[in-house]
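Trainee: I would like to go through this model with you, one question at a time. Where should we begin?

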Amino acid sequence: MKRSTLVARTAAALLAAWSCNAARNPAAPGTTPVATDVRLMDAPSAAALGSVNVYIDHVDASVTTDTTGGPGAQPWITLVAPHQRYDLLKLQGGTTALLGTTQLSPSEYREIRVVLNTDSSGLVRTDGTPAPVSWGYAGQISVHVLVETPVQISGPTAHILLDFNVANSFVPDPRDPSAFIFLPWIRALSS
């Protein structure tokens, strides 16, 4: 768990530095674009929180796992850019939030990242008081999403579901039980 957290944080830091020039994805010549919506939901949390607000700047994807920008690497494409805050606790039990809709070329997407703004995000307890969070970084951070199976974009419409697991993403800080540590736990599903 600790090694995967370190790898995820290191990857997020490196990708945050490289993410300034995400490319748009026009439909490839000779293909019919697929109307694709990107949705967000949350797995239930056991913590006594009244709201878990995350500000999503944009969501990017790549058809390859090599997004380093080197020779042969595929650039990130911006799927949606909602520039909006979402209360993840309102997205449980099958409820989703539409982050946006885009036109994508039929393909398999192997990498997805969510770019959050930690300065505009925060946790609120059930009594209305803010809960301190150690985000790891201030401002914009890139969080790699777990893509177990490549996300298929085909047919007349497609759906990408981002499952943001609050219970695993915000864990009590062992040094301060009243605070939380952000350990991002998001997975992508085709639906």
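Trainee: Are Trp135 and Phe170 buried or exposed?

Mentor: This is a predicted model, so every value here is computed from predicted coordinates. The cut-off for buried is under 20% relative accessible area. Phe170 has a relative accessible area of 4%, so Phe170 falls under that cut-off. Trp135 has the status of Phe170, and that status is buried.

Trainee: What kind of aromatic pair do Trp135 and Phe170 form?

Mentor: A pair of aromatic rings is described by the distance of the centres and the angle of the planes. For Trp135 and Phe170 the centres are 5.6 Å apart and the angle between the planes is 90°. Planes over 60 degrees apart count as edge-to-face, so the pair of Trp135 and Phe170 is edge-to-face.

Trainee: How many residues apart in the chain are Trp135 and Phe170?

Mentor: Trp135 sits in the loop between β9 (133-134) and β10 (140-145). Phe170 belongs to strand β13, residues 170-173. The pair links distant parts of the chain, and the separation is 35 residues.

Trainee: Which class does the ring pair of Phe170 and Phe182 belong to?

Mentor: Phe170 in strand β13 and Phe182 in strand β14 (residues 176-182) are twelve residues apart. Their ring centres lie 5.1 Å apart, with the planes at 35°. Stacked needs planes under 30 degrees apart and edge-to-face needs over 60, so this pair is tilted.

Trainee: Which residues do ring pairs link into a cluster?

Mentor: The count of aromatic pairs is four. Phe170 pairs with Trp135 and also with Phe182. Phe182 is buried, because its relative accessibility is 1%. The cluster linked by ring pairs consists of Trp135, Phe164, Phe170 and Phe182.

Trainee: What is the strand order in the open sheet of three strands?

Mentor: β9 and β13 are the edge strands, each pairing on one side only. β13 pairs with β14 in the antiparallel sense over four bridges, and Val171 stands opposite Ile181 in β14. The pairing in the sheet is mixed, and the order is β9-β14-β13.

Trainee: Which residues touch the most other members of the largest nonpolar core?

Mentor: In soluble globular proteins, nonpolar side chains tend to be buried together. The largest nonpolar core here has 41 residues. Strand β2 (residues 49-62) gives the most to this core, with six residues. The members that touch the most others are Ile112, Leu162 and Phe170.

Trainee: Which arginines does Leu162 touch, not counting residues up to four places away in sequence?

Mentor: The residues touched by Leu162 include Val38, Leu40, Met41, Val59, Leu99 and Ile112. Also among them are Val114, Val145, Ile186 and Ala188. The arginines in that list are Arg39 and Arg187.

Trainee: How many residues apart are Asp60 and Arg113?

Mentor: Asp60 forms a salt bridge with Arg113, the closest N and O atoms being 2.8 Å apart. Both count as buried, because Asp60 has a relative accessibility of 0% and Arg113 has a relative accessible area of 0%. Asp60 lies in strand β2 and Arg113 in strand β7 (residues 111-125), and the separation is 53 residues.

Trainee: Which side chain makes a polar contact with the side chain of Asp60?

Mentor: The partner lies in strand β3 (residues 77-80). Its relative accessibility is 11%, so this residue counts as buried. The contact spans 3.1 Å, and the partner is Thr78.

Trainee: Is Arg39 buried or partly exposed?

Mentor: Arg39 forms a salt bridge with Asp37, with the closest N and O atoms 3.2 Å apart. Asp37 is buried, with a relative accessible area of 10%. Arg39 has a relative accessible area of 28%, between the limits of 20% and 50%, so Arg39 is partly exposed.

Trainee: What is the N to O distance in the salt bridge of Arg110 and Glu108?

Mentor: The structure holds five salt bridges. Arg110 is partly exposed at 36% relative accessible area, and Glu108 is partly exposed at 27%. Their side chains meet with an N to O distance of 2.8 Å.

Terms used: Residues are numbered from 1 along each chain as its sequence is written. This is a predicted model: local features need pLDDT of at least 70, side-chain atom pairs count only at pLDDT 80 or more; totals for chains, interfaces and linings use all residues. Side-chain values use heavy atoms; hydrogens and water are left out. A nonpolar core is a set of buried Ala, Val, Leu, Ile, Met, Phe, Trp, Tyr and Cys residues joined through side-chain atoms within 4.5 Å. Buried means under 20% relative accessible area, exposed over 50%, partly exposed in between (1.4 Å probe, protein chains only). Helices (H or I, at least four residues) and strands (E, at least two) are DSSP runs, numbered from the N terminus. Contact means heavy atoms within 4.5 Å. Rings of Phe, Tyr and Trp (its six-membered ring) pair if their centres lie within 6.5 Å; planes under 30 degrees apart count as stacked, over 60 as edge-to-face and the rest as tilted. A salt bridge is a side-chain nitrogen of Lys or Arg within 4 Å of a carboxyl oxygen of Asp or Glu. Two strands pair if DSSP finds at least two bridges between them. A polar contact is a pair of N or O atoms within 3.5 Å; within protein, one must be able to donate a hydrogen and the other to accept it, and residues adjacent in sequence count only if both atoms are side-chain atoms.
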